[in-house]
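Hi,

Here is the structure I promised to pass on. Have a look at it first, and then read my notes below.

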Amino acid sequence: MNTENNAAPDAGGDVLQIAGETIGSRLWLGSSLYPSPQVMGDAVAAATPGFVTVSLRRQSAAQLQEQVSEHGHWHLLHQQLASTGAKLLPNTAGCHSAREAILLAQMARELFATDWIKLEVIGDDYSLQPHPLQLVEAARELVAQGFKVLPYCTDDLVLCQTLLELGCAAVMPWGAPIGTGKGLMNPYQLKTLRERLPQAVLVVDAGLGKPSQAMAALEMGFDAVLLNTAVARAHDPAAMAGAFKQAVDGGRAAYRAGLMCERDQASPSTPTLGLPFWHQTGGGV
Amino acid sequence: MRLIINGESCDLPVSAGLSLYQLLQQLGYLQIRSEDAAVSGNFIVAVNQQIVSAALYAGTYLNEDDCIDILGAITGG
């Protein structure tokens, strides 16, 4: 069968493994921007994500007390992690240099008791485009320190190759700038990444606005998607989380099933042979 | 003694000899409680950008102009 991808579904199922750990879902969810901690908790419950991203910031004792109180973000998130089996993925959001990102990652490891880190080093405040050089420098050091590094990066092939060669557990190119909801802005390049890095774990991170865009990423062969705003800013975040979950599952199933190759010429689905007016000419009915 | 706590300059009515444990207690961090024991005490401290584990709070003495950062979990994307 001639299909768009040559994915050979493994007989043993379709388990996502990264750095030796099984990740329970291909939908990864951010925990920010929800109208309330309860709504965040409901969205996480509906998504049953593989990872939930979190961060860390300076806080007063009063702010910390609020976080861990019965209705606080951290308290509710902790409950959902326990019930869904999702893993925590701390990020280094807001860092602009390798030095900052390394220190924040170290603090995150202590605080959240995990080696996973979503490495984010911003190079441009307007587009929130990652800084490729600082990102590579930080990734090299964090991998050496035993972190499981998941870098948020651009879709540059050479950059992704370099990050993987350094030992990053996956690479996470953007679909579009963070929070824009523009979807997969450069599908050609994303397809190229999939084709040229067939063994790598690839995750579209950022820019997804609709479930159909997440589905497209999975159909393309991406292993997972990470998103936040599209769910958190929906009228009904829990319902949107459920919609993304279905889209991700559908996209993955389609990829594994083998998508047909696109072609320019029409081709009838129904056989014409055997029609009673086969080769009949003129005066049509 | 002057300390920089979470980026803000603070003059404390103490001389030398203040431990990190005492400071955190004064600021209320050690009194944070939750019904869920797993999320209590969920903060991390760095002195002059060096992480200090909880076991070392009492034995870490602060000096004039030390920078103390106390970070906790927040939501993130």
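Between chain A and chain B of this predicted model, the rule finds 1 salt bridge across the interface; the term stands for a side-chain nitrogen of Lys or Arg within 4 Å of a carboxyl oxygen of Asp or Glu. The partners are the side chains of A:Arg58 and B:Asp69, at 2.7 Å from N to O. There are also 14 residue pairs in polar contact across this interface, both residues being at pLDDT 80 or more. (A polar contact is a pair of N or O atoms within 3.5 Å; within protein, one must be able to donate a hydrogen and the other to accept it, and residues adjacent in sequence count only if both atoms are side-chain atoms.)

On the chain A side, the elements that give two or more residues to the surface touching chain B are β4 (51-58), α2 (61-68), α3 (73-84) and α4 (98-112). Helices (H or I, at least four residues) and strands (E, at least two) are DSSP runs, numbered from the N terminus. α4(A) gives the most, with 8 residues. By type, the chain A side splits into 12 nonpolar, 15 polar and 6 charged residues. Here Ala, Val, Leu, Ile, Met, Phe, Trp, Tyr, Cys and Pro are nonpolar, Asp, Glu, Lys and Arg are charged, and the others, Gly among them, are polar.

In total, 33 residues of chain A are in contact with 29 residues of chain B, contact meaning heavy atoms within 4.5 Å. The area buried between the two chains is about 2,700 Å², and carbon and sulfur atoms give 62% of that; this is the accessible area (1.4 Å probe) that two parts lose on being put together, summed over both. A:Arg58, A:Met107 and A:Leu111 supply 22% of what chain A buries against chain B, more than any other three residues.

The chains also share strand pairing. β4(A) runs antiparallel to β5 (residues 67-75) of chain B, and 5 bridges join them; two strands pair if DSSP finds at least two bridges between them. One of the residues involved is A:Val54, whose bridge partner in β5(B) is B:Thr75.

Now for the chains one by one. Chain A has 10 helices and 12 strands, and its C-alpha trace spans about 85 × 40 × 40 Å along the principal axes. Of its 285 residues, 49% are buried, that is, under 20% relative accessible area (exposed is over 50%, partly exposed in between; 1.4 Å probe, protein chains only). Chain A holds an open sheet of 3 strands in the order β6-β9-β10, with parallel pairing. Its edge strands are β6 (116-119) and β10 (172-173), each pairing on one side only. Between β6(A) and β9 (residues 148-153) there are 4 bridges, and A:Leu119 has A:Pro151 as its bridge partner.

After β9 comes a loop leading to α6 (157-166) of chain A, and A:Thr154 lies there. A:Thr154 counts as buried because its relative accessibility is 11%. Its contacts include A:Gln129, A:Cys160 and A:Trp174.

Chain B has 1 helix and 5 strands, in the pattern β-β-α-β-β-β along the sequence. Its C-alpha atoms fill a box of roughly 35 × 25 × 20 Å, and 47% of its 77 residues count as buried.

A word on conventions: residues are numbered from 1 along each chain as its sequence is written, and chains are lettered from A and ligands numbered from 1 in the order in which they are written. Local features need pLDDT of at least 70, side-chain atom pairs count only at pLDDT 80 or more, and totals for chains, interfaces and linings use all residues, while side-chain values use heavy atoms, with hydrogens and water left out.

Cheers

Note on methods. Lists of a residue's contacts leave out its neighbours within four places in sequence.
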